[in-house]
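The following exercises are to be worked with the sequence and the model side by side. Each task is followed by a solution in steps.

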Amino acid sequence: MIEFQCDYAEGAHPKILERMIETNMDQTPGYGLDPYCDEARRLIRKACGRENIDVQFLVGGTQTNTTIICSVLRPYQGVLTAASGHINVHESGAIEATGHKVLALPCGREGKITAEQIKAAYEAHMNDSSAEHMVQPGMVYISNPTENGTIYYRNELEAISRVCHECGLPLFLDGARLGYGLMAADNDVILEDIARLCDVFYIGGTKVGALFGEAVVITNPAISKDFRYMIKQRGGMLAKGRLLGIQFQTLFEDGLYWQISKHAIDMAMKLKKAFRECGYDFYVENSTNQQLPVLPDAVLKKLSEKYSFSFWEKMDEDHSAVRVCTSWATKEENIDALIEDLKKF
């Protein structure tokens, strides 16, 4: 079976495994206070164009989302997000389990929310005569790319950041697939923009070349204060923290993170072109590693004998949208094989 179901089917980039073997018997302090984590922090600060930011390392995306969100919100507050947002539909109620409500906003197939929606939701609450009887919006969560593979453009991020600032709502960007978003051909956002516009975000490693790990970048000092206490309380403080530092140090040396992200995009665009040439439409247009073609169910049944995809949505009686996901490790020979099989139908 050839896997196109997700972008974390493989292990880790060989350079990371080599570095782990080389450093395996080194003795270091624990909990992310080692020289490898310090060097990874330095490289990430350099990539963000800012020295005055806090960088912490956690193991996985859901753990990172819950730790950040519950560290920001007061007990009576919730987090605004798109209805299709990861924290709303794909984390088994993890945010609600912390005692905070996810306040979902309609988003359509693009999976994005707007500055106008955020402001309207905030003002509707604050202007309600019984506001204290309801969950107060306390922060905003977006992901880039979104669940549907679309990206936020600079003007959209700037507008959202401006409204969040006006309303006193910290802006949190989930970057589990950030490399794939930033390397998309039509993207006009750079890492420095995200560091400038967001209060906190993270750079995904699990889906972009690492065995595991997410690098949390905190630009708002109020969030940074005592954040390590929250990491520990939520079970995220890895004793062998250097395993995270080694991975991000390797990813951010010599531009490896960007190189492997671009590879995933190149493979996805080759597939997208083939789907289009075969006459297939898409659930939503995007330029990232998650492509969502709409295929006849009969074709899907045949393809599924050899390839795995993620079911996305039933479109009509005979057609379904699926997610075809490339990664940093996708082999071009597997892309070519899928393209050849597509042509048979």
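**Exercise 1. The strands around S13**

S12 and S13 form a hairpin in which four residues lie between the two strands. The model is a predicted one.

Task: Determine which strands pair with S13 and in what sense they run.

Solution.
- Step 1. Begin with the hairpin partner: strand S12 (residues 310-314) runs antiparallel to S13, and four bridges join the two. Within this pairing, Lys314 has Ser320 as its bridge partner in S13.
- Step 2. Turn to strand S10 (residues 294-296), which pairs with S13 over three bridges, in the antiparallel sense. Here Leu295 stands opposite Ser320 of S13.
- Step 3. Add strand S9 (residues 290-291), joined to S13 by two bridges and also antiparallel. Gln291 of S9 stands opposite Val324.
- Step 4. Examine the cover of S13 itself: six of the seven residues of this strand (residues 319-325) are buried, and the strand is mostly covered.

**Exercise 2. The seven-stranded sheet**

Task: Establish the strand order of the open sheet of seven strands and identify the strands at its edges.

Solution.
- Step 1. Trace the order, which is S2-S8-S7-S6-S5-S3-S4, with mixed pairing.
- Step 2. Locate the edges. Strand S2 (54-58) and strand S4 (102-105) each have a single partner strand, so one side of each lacks a neighbour in the sheet. From one strand to the next, the twist averages 25 degrees.
- Step 3. Inspect S5 and its partners. Strand S3 (residues 77-82) and strand S5 (residues 136-143) run parallel and are joined by four bridges; Gln77 stands opposite Gln136, and Val79 opposite Met139. S5 and S6 are likewise parallel, with four bridges, and Ser143 has Asp174 as its bridge partner in S6.
- Step 4. Assess the cover of S5: seven of its eight residues are buried.
- Step 5. Place the helix. Helix H3 (residues 61-72) lies across S2, S3, S5, S6, S7 and S8, and runs at about 170 degrees to S7.

**Exercise 3. Cysteines and disulfides**

Task: Decide how many disulfides the structure contains, and examine Cys70 and Cys325.

Solution.
- Step 1. A disulfide is a covalent bond between the sulfur atoms of two cysteines. The cut-off applied to a pair of sulfur atoms is 2.5 Å.
- Step 2. A search of the whole structure finds zero disulfides. For Cys70, the nearest cysteine sulfur belongs to Cys198 and is 19 Å away.
- Step 3. For Cys325, the closest cysteine sulfur is that of Cys6, at 6.6 Å, which is too far for a bond.
- Step 4. Compare each accessibility with the cut-off for burial, under 20%. Cys70 counts as buried because its relative accessibility is 8%. Cys325 counts as buried because its value is 1%.

**Exercise 4. Packing of H2 and H12**

Task: Describe the packing of helix H2 on helix H12, then place Gln249 within it.

Solution.
- Step 1. Two packed helices are described by the angle between their axes and the distance between the axes.
- Step 2. The axes of H2 (residues 35-48) and H12 (residues 242-251) come within 7 Å and cross at roughly 40 degrees. The crossing is left-handed.
- Step 3. List the residues that make the contact: Tyr36, Cys37, Glu39, Ala40, Leu43 and Ile44 from H2, with Arg242, Gly245, Ile246, Phe248 and Gln249 from H12.
- Step 4. Consider Gln249, which counts as buried because its relative accessibility is 10%. Apart from neighbours within four places in sequence, Gln249 is in contact with Arg19, Tyr36, Glu39, Ala40 and Leu43.

**Exercise 5. Nonpolar cores and Leu338**

Task: Identify the residues with the most contacts inside the largest nonpolar core, and describe the surroundings of Leu338.

Solution.
- Step 1. The largest nonpolar core has 60 residues, and Ile44, Phe201 and Ile203 have the most contacts inside it.
- Step 2. A second, separate core has 21 residues, including Val72, Ile87, Ile218 and Phe227.
- Step 3. Leu338 lies in helix H15 (residues 332-343), and is buried, with a relative accessible area of 0%.
- Step 4. Leaving aside neighbours within four places in sequence, Leu338 is in contact with Phe4, Leu271, Leu303, Tyr307, Phe309 and Val324.

Notes: Residues are numbered from 1 along each chain as its sequence is written. This is a predicted model: local features need pLDDT of at least 70, side-chain atom pairs count only at pLDDT 80 or more; totals for chains, interfaces and linings use all residues. Side-chain values use heavy atoms; hydrogens and water are left out. Two strands pair if DSSP finds at least two bridges between them. Axes are lines fitted to C-alpha atoms, for helices over the stretch in contact, and angles run from 0 to 180 degrees between N-to-C directions. Contact means heavy atoms within 4.5 Å. Buried means under 20% relative accessible area, exposed over 50%, partly exposed in between (1.4 Å probe, protein chains only). A nonpolar core is a set of buried Ala, Val, Leu, Ile, Met, Phe, Trp, Tyr and Cys residues joined through side-chain atoms within 4.5 Å. A crossing is left-handed if the near helix is turned anticlockwise from the far one by less than a right angle, and right-handed if clockwise.
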